[in-house]
Amino acid sequence: MTKPYLGDPKNTIEILKKYDFVFQKRFGQNFLIDTHVLDKIIRASDIQKSDFVLEIGPGIGTMTQYLADAAREVVAVEIDKSLIPILKDTLSSYSNVTVINEDVLKVDIRKIAEERNEGKPIKVVANLPYYITTPIIMGLFEKKVPIESITIMVQKEVADRMKVGPGTKDYGALSLAVQYYAEPKMIANVPPNCFMPRPKVGSAVIQLLRHEKPPVEVDDESQMFAMIRASFNQRRKTLVNGLKNSRELNLQKEEIEEALTACGLSLNVRGEMLTLKEFSDLSNFLVRKRNVST
């Protein structure tokens, strides 16, 4: 195998010109051209020669080369079919890479982990466009894909939202969901000049280390997350009104107020002030109350 060479902007430009590649705005394509950032991602991912890695959105194969150099096997999922001939070229020296030309949201990642890694936890590495970050991350967690860690480059604002706590402006449903499944750890801030073309906003590398078990006990995960979504759908409303207006939940005002009182929370509290533990307590109270009455 040859050493990775695409982190060099000159080599990236050469490949793009060779294939007359046109960047697709709808896929949010910004290719990394900074070897220091690539090294940080590989180090943070702690990839060993025994590891199986899933890469989402390999682009022209820049990070894929680094991953293939470090891991036992890499499966890279790329949605843009015009990148497939380029990947065939840039990854031709790497026998341990498989490229799947598909929308990652439609790929059975769990099945791939079972077939390629005997069902053992995999490592996920990705440079994700803003518009699809949340569906991808939540899909990996909710579908119970065996994951050890997810190391991703995302818009800085999104990375901030994953790690903040109650009462902050960035706190929301994504913060709670990520923190339920994993421990978020900021790895690096990445300025726009590290990409081609340059994005208008800064990016960040964040790592999500999967919890062995969630930090709170929840009787019904789907209800708790429905409550969290309802709380932040109408952020300015009180939690009572947010939950009462949710079609997903079908809760009466009296039920919600009883649950809030039982959990020691104000009837005027807003969802953005609740911790993950308070959401789980609230959800568990409502689930148990309904189970008793049926």
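A residue is called buried under 20% relative accessible area, exposed over 50% and partly exposed in between (1.4 Å probe, protein chains only). The model shown is predicted, so that local features need pLDDT of at least 70 and side-chain atom pairs pLDDT 80 or more, whereas totals for chains, interfaces and linings use all residues. Residues are numbered from 1 along each chain as its sequence is written, and side-chain values rest on heavy atoms, without hydrogens or water.

**View 1. The protein as a whole has twelve helices and nine strands.**
Helices (H or I, at least four residues) and strands (E, at least two) are DSSP runs numbered from the N terminus. The C-alpha trace spans about 65 × 40 × 30 Å along its principal axes, and of the 294 residues in the protein 50% are buried. Among contacts (heavy atoms within 4.5 Å) that have a sequence separation of 6 or more, 67% join residues 24 or more positions apart.

**View 2. The largest nonpolar core holds 64 residues.**
Such a core is a set of buried Ala, Val, Leu, Ile, Met, Phe, Trp, Tyr and Cys residues joined through side-chain atoms within 4.5 Å. The members that touch the most other members are Leu54, Ile56, Ile122, Leu140, Ile152, Met162 and Leu208. Helix H9 (residues 221-233) supplies the largest share of this core, seven residues. A further core of 24 residues lies apart from the largest one, and it includes Leu32, Ile47, Ala71 and Val74. For Ile122, once neighbours within four places in sequence are set aside, the contacts are Phe52, Leu54, Ile109, Ala113, Asn117, Val145, Pro146, Ile147, Glu148 and Ser149.

**View 3. Helix H8 (residues 173-181) is mostly covered and runs beside helix H9.**
Seven of the nine residues of H8 are buried, namely Leu174, Ser175, Leu176, Ala177, Val178, Tyr180 and Tyr181. The axes of H8 and H9 come within 9 Å and cross at roughly 155°, where each axis is a line fitted to C-alpha atoms, for helices over the stretch in contact, and angles run from 0 to 180 degrees between N-to-C directions. H8 is therefore roughly antiparallel to H9, a class that takes angles over 145 degrees, with under 35 roughly parallel, 65 to 115 roughly perpendicular and the rest oblique. On the H8 side the contact is made by Ala173, Leu176, Ala177, Tyr180 and Tyr181, and on the H9 side by Glu221, Met224, Phe225, Ile228 and Phe232.

**View 4. Aromatic pairs link H8 to H9 and H9 to H12.**
Rings of Phe, Tyr and Trp (its six-membered ring) pair if their centres lie within 6.5 Å, and planes under 30 degrees apart count as stacked, over 60 as edge-to-face and the rest as tilted. By this rule there are nine aromatic pairs. The ring centres of Tyr180 and Phe225 are 5.4 Å apart and the planes stand at 80°, so this pair is edge-to-face. Because Tyr180 lies in helix H8 and Phe225 in helix H9, the pair ties together parts that are 45 residues apart in sequence. Tyr180 is buried at 3% relative accessibility, and Phe225 is buried at 8%. Phe232 and Phe279 form a tilted pair, with 6.5 Å from centre to centre and 40° between the planes. Since Phe232 belongs to helix H9 and Phe279 to helix H12 (residues 276-293), this pair ties together parts that are 47 residues apart in sequence. Phe232 and Phe279 are both buried. One aromatic cluster is formed by Phe141, Tyr180, Tyr181 and Phe225.

**View 5. Val218 sits in the loop between strand E9 (203-210) and H9.**
With a relative accessible area of 18%, Val218 is buried. Not counting residues up to four places away in sequence, Val218 touches Tyr180, Met224, Ser280 and Asn284. Val218 and Lys277 are 59 residues apart along the chain, while their C-alpha atoms are separated by 9.3 Å.

**View 6. Three loops carry backbone features of note: a cis peptide bond and positive phi angles at Asp20 and Lys144.**
Most residues other than glycine have a negative phi, and most peptide bonds are trans. The bond from Met196 to Pro197 is cis, with omega near -15°, and Pro197 lies in the loop between strand E8 (195-196) and E9. Asp20, although not a glycine, has a positive phi of about 50°; its place is the loop between helix H1 (9-18) and strand E1 (31-32), and Asp20 is exposed, with a relative accessible area of 66%. Lys144, also not a glycine, has a positive phi of about 55°; Lys144 is found in the loop between helix H6 (133-142) and strand E6 (147-155), where it is partly exposed, with a relative accessible area of 40%.
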